[in-house]
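Subject: Structure handover

Hello,

Here is the structure we talked about. Please open it next to this message, and then read on for what turned up.

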Amino acid sequence: MESQTQNTSLQRLQNVEKRIVRVLELAASVMEELANPAGPRKDFVTNHCGEFMQLIKDIQVTLREEIKSACEYRPFEKCDYSARISNEICCKKLEHVLGHLDSMKKTIDEYRSGS
């Protein structure tokens, strides 16, 4: 199930990439039309600018959804890193306490042998 979600997400991002390419093509054709020595054709520029704006909106919506989805996705849910680190910290604390206990035992033994 998780790989299906990743595949559909990847497909949506690939479609965004195609839309971006189309947006660039539209922008280039409008620039060429504006540079036309005979003057730009108003309907051509209007149609291309309308398609440009619609594609930009679609790209924005799709990217927002993908970002939101990516934020909800928790790839490390099954990771045991925090549990392992917590365990290592506890072991270090125990070693520290054992060191103090050994030192206390040594002090007690020295006190008893000195009496």
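How many aromatic pairs does the structure hold? The count is zero. One ring does have a charged partner, though: Arg41 lies over the face of Phe44, at 4.7 Å from the ring centre. Please keep in mind throughout that this is a predicted model.

**Overall layout**

The chain has three helices and zero strands. Read from the N terminus, the order of elements is α-α-α. Helix H1 covers residues 2-34. Helix H2 covers residues 42-72. Helix H3 covers residues 81-114.

The chain has 115 residues, and 12% of them are buried. Its accessible surface is about 9,900 Å². Carbon and sulfur atoms account for 59% of that surface. Now take the contacts between residues at least 6 apart in sequence: 66% of these join residues at least 24 apart.

**Salt bridges**

There are six salt bridges in the structure. Three of the pairs are described here, along with one network.

Start with Glu66 and Arg12. Their side chains form a salt bridge, at 2.4 Å from N to O. Glu66 belongs to helix H2 and Arg12 to helix H1, so this pair ties together parts that are 54 residues apart in sequence. Is Glu66 buried or exposed? Glu66 counts as buried, because its relative accessibility is 8% and the cut-off for buried is under 20%. Its partner Arg12 is partly exposed, with a relative accessible area of 33%. What else does Glu66 touch? Leaving aside neighbours within four places in sequence, Glu66 contacts Ser9 and Leu13 as well as Arg12.

Next, Glu25 and Arg22. This salt bridge has its closest N and O atoms 3.7 Å apart. Both residues are in helix H1, three residues apart, so about one helical turn separates them. Glu25 is partly exposed, with a relative accessible area of 43%. Arg22 is partly exposed too, at 32%. The pair also belongs to a wider set: a network of salt bridges links Arg22, Glu25 and Glu51.

Then Glu95 and Lys92. Here the closest N and O atoms of the salt bridge are 3.9 Å apart. The two residues sit three apart in helix H3, so they are separated by about one helical turn. Glu95 and Lys92 are both exposed.

**His48 and Met31**

His48 is a residue of helix H2. Where does His48 stand on exposure, buried or exposed? His48 is buried, with a relative accessible area of 17%. Which residues does His48 touch? Not counting residues up to four places away in sequence, they are Leu26, Ser29 and Val30.

Met31 is in helix H1. Unlike a buried residue, Met31 has a relative accessible area of 56%, so Met31 counts as exposed. The C-alpha atoms of Met31 and Val45 are 9.1 Å apart. Along the chain, Met31 and Val45 are 14 residues apart.

**A nonpolar surface patch**

Which residues make the nonpolar surface patch? They are Val97, Leu98, Leu101 and Met104. The patch comes to about 370 Å². Val97 is located in helix H3. With 43% relative accessibility, Val97 counts as partly exposed.

**To look at on screen**

- The Glu66–Arg12 salt bridge, where Glu66 is in helix H2 and Arg12 in helix H1.
- The network of Arg22, Glu25 and Glu51.
- Arg41 over the face of Phe44.
- The nonpolar patch of Val97, Leu98, Leu101 and Met104.

Best wishes

Definitions and conventions: Residues numbered from 1 in each chain as written. Predicted model: local features only at pLDDT ≥ 70, side-chain atom pairs only at ≥ 80, totals over all residues. Heavy atoms only, no water. Patch = residues over 30% accessible without salt bridge, like charges linked within 9 Å, V, L, I, M, F, W, Y side chains within 5 Å. Areas by Shrake-Rupley, 256 points an atom, 1.4 Å probe, with all protein chains shown as cover. Salt bridge = Lys/Arg side-chain N within 4 Å of Asp/Glu carboxyl O. Helix = DSSP H or I, 4+ residues; strand = E, 2+ residues; numbered from the N terminus. Buried < 20%, exposed > 50% of the residue type's maximum accessible area, 1.4 Å probe, protein only. Contact = heavy atoms within 4.5 Å. Phe/Tyr/Trp six-rings, centres within 6.5 Å; stacked < 30°, edge-to-face > 60°. Lys NZ or Arg CZ within 6 Å of the ring centre and 35° of its normal.
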